[in-house]
Amino acid sequence: MDGMRFAIGTLSVFPVRVTRVDRVVAGRAMVLAPVLGLVLGLVSGSLLLLPGPPLLGAALAVGLLAVLTRGLHLDGLADLADGLGSGKPAPQALDIMKKSDIGPFGVMALVLVLVVQVAALSGLGPAALVTACVTGRLALTWACRSAVPAARPDGLGALVAGTVRPGAAWAATATALAAAAALGSAADHGLGSVAGHRLVYVLPLGVVAGLGAALLLLRHARRRLGGVTGDVLGALVETATAATLTVCALFG
């Protein structure tokens with residue numbers, strides 16, 4: 001429960017009492033992060049069931065998701081875009097990422113990702129958003145594997161980097177894929193699939209695509225910055241979420 005409390009307190013707006021903070025708990029939290037993604041997806045996805053234009057429901061759902069996460073991941077996305085877009089060596093890029101203001105690369109990244117998420121989600125249902133939220137947090141599990149170093153000696157990245165064993169990451173992935181298939185099957189058989197029995201295959205495909213996109217970004221960030229930071233982790237969440245929704249929209 002210490003790990004779950006840490007995940008909730010760090011990655012969401014939900015009030016919890018975090019009584020223990022160390023690397024062991026941080027590792028458990030990163031493995032359990034997809035469970036929190038499930039909850040966030042269910043809560044925000046409920047807005048997709050409201051009457052009205054699908055685009056409005058999608059915008060409200062994405063907006064609520066940002067509120068439930070304090071905008072933490074979006075802030076990380078903007079900071080990473082500014083740091084990488086600067087073209088500076090790692091120390092200077094990390095300094096840029098620590099600044100509180102947002103530059104042109106950050107603005108472009110935010111606009112692009114939010115437009116993609118809303119546009120893709122407008123043609124989908126709650127099952128796709130739940131899958132995307134789980135995949136976004138699964139990216140955190142992979143980013144905190146033991147082979148991934150921290151880019152700074154302090155901050156959230158330093159606390160969680162290298163705390164997840166590879167076996168735990170694979171187990172979390174297998175669970176997410178199985179859950180996505182089960183959710184897709186349920187959606188196909190009674191929750192509004194309009195394209196036949198496809199979601200049972202499309203949702204797991206979305207998990208693979210979202211995780212793959214996040215791992216590509218992680219590889220680039222490691223090469224440029226030397227490791228992960230809290231901003232990198234936030235950017236991975238938003239990237240995986242957007243990629244998952246895009247694949248679900250294209251094939252669902």
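This is a short walk through the fold, core and surface of one protein chain.

Hi everyone, thanks for coming. Please keep in mind that what you see is a predicted model.

Let's start with the fold. The protein chain has eleven helices and zero strands, so reading from the N terminus you meet α elements from start to end. Its radius of gyration is 17 Å, close to the 18 Å that the globule rule gives for 252 residues, so the chain is as compact as a globular protein of that length. If you line the C-alpha atoms up along the principal axes, they fill a box of roughly 50 × 40 × 30 Å.

How do the contacts spread along the sequence? Take those with a separation of 6 or more: 73% of them join residues 24 or more positions apart.

Now for the inside. Of the 252 residues, 48% count as buried. The largest nonpolar core has 77 residues, and the members that touch the most others are Met30, Leu80, Leu121, Leu225, Val232, Leu233 and Leu236. Which helix gives this core its largest share? That is helix α7, residues 126-143, with twelve residues.

Have a look at Leu236 while you are there. Leaving out residues up to four places away in sequence, Leu236 touches Ala139, Ala143, Ala214, Leu217 and Leu218.

Finally, the outside. The protein chain exposes about 11,200 Å², and 68% of that is supplied by carbon and sulfur atoms. As for charge, there are 18 positive and 11 negative side chains, and the centres of the two sets lie 7 Å apart.

That's my tour, and I'm happy to rotate the model for anyone who wants another look.

Note on methods: Residues are numbered from 1 along each chain as its sequence is written. This is a predicted model: local features need pLDDT of at least 70, side-chain atom pairs count only at pLDDT 80 or more; totals for chains, interfaces and linings use all residues. Side-chain values use heavy atoms; hydrogens and water are left out. Helices (H or I, at least four residues) and strands (E, at least two) are DSSP runs, numbered from the N terminus. The radius of gyration is taken over C-alpha atoms; the globule rule is 2.2 Å times the number of residues to the power 0.38. Buried means under 20% relative accessible area, exposed over 50%, partly exposed in between (1.4 Å probe, protein chains only). Contact means heavy atoms within 4.5 Å. Accessible areas come from the Shrake-Rupley method with a 1.4 Å probe; for residues, only the protein chains shown count as cover. Lys and Arg count as positive and Asp and Glu as negative; His and the chain ends are not counted. The place of a charge is taken as NZ of Lys, CZ of Arg, CG of Asp or CD of Glu. A nonpolar core is a set of buried Ala, Val, Leu, Ile, Met, Phe, Trp, Tyr and Cys residues joined through side-chain atoms within 4.5 Å.
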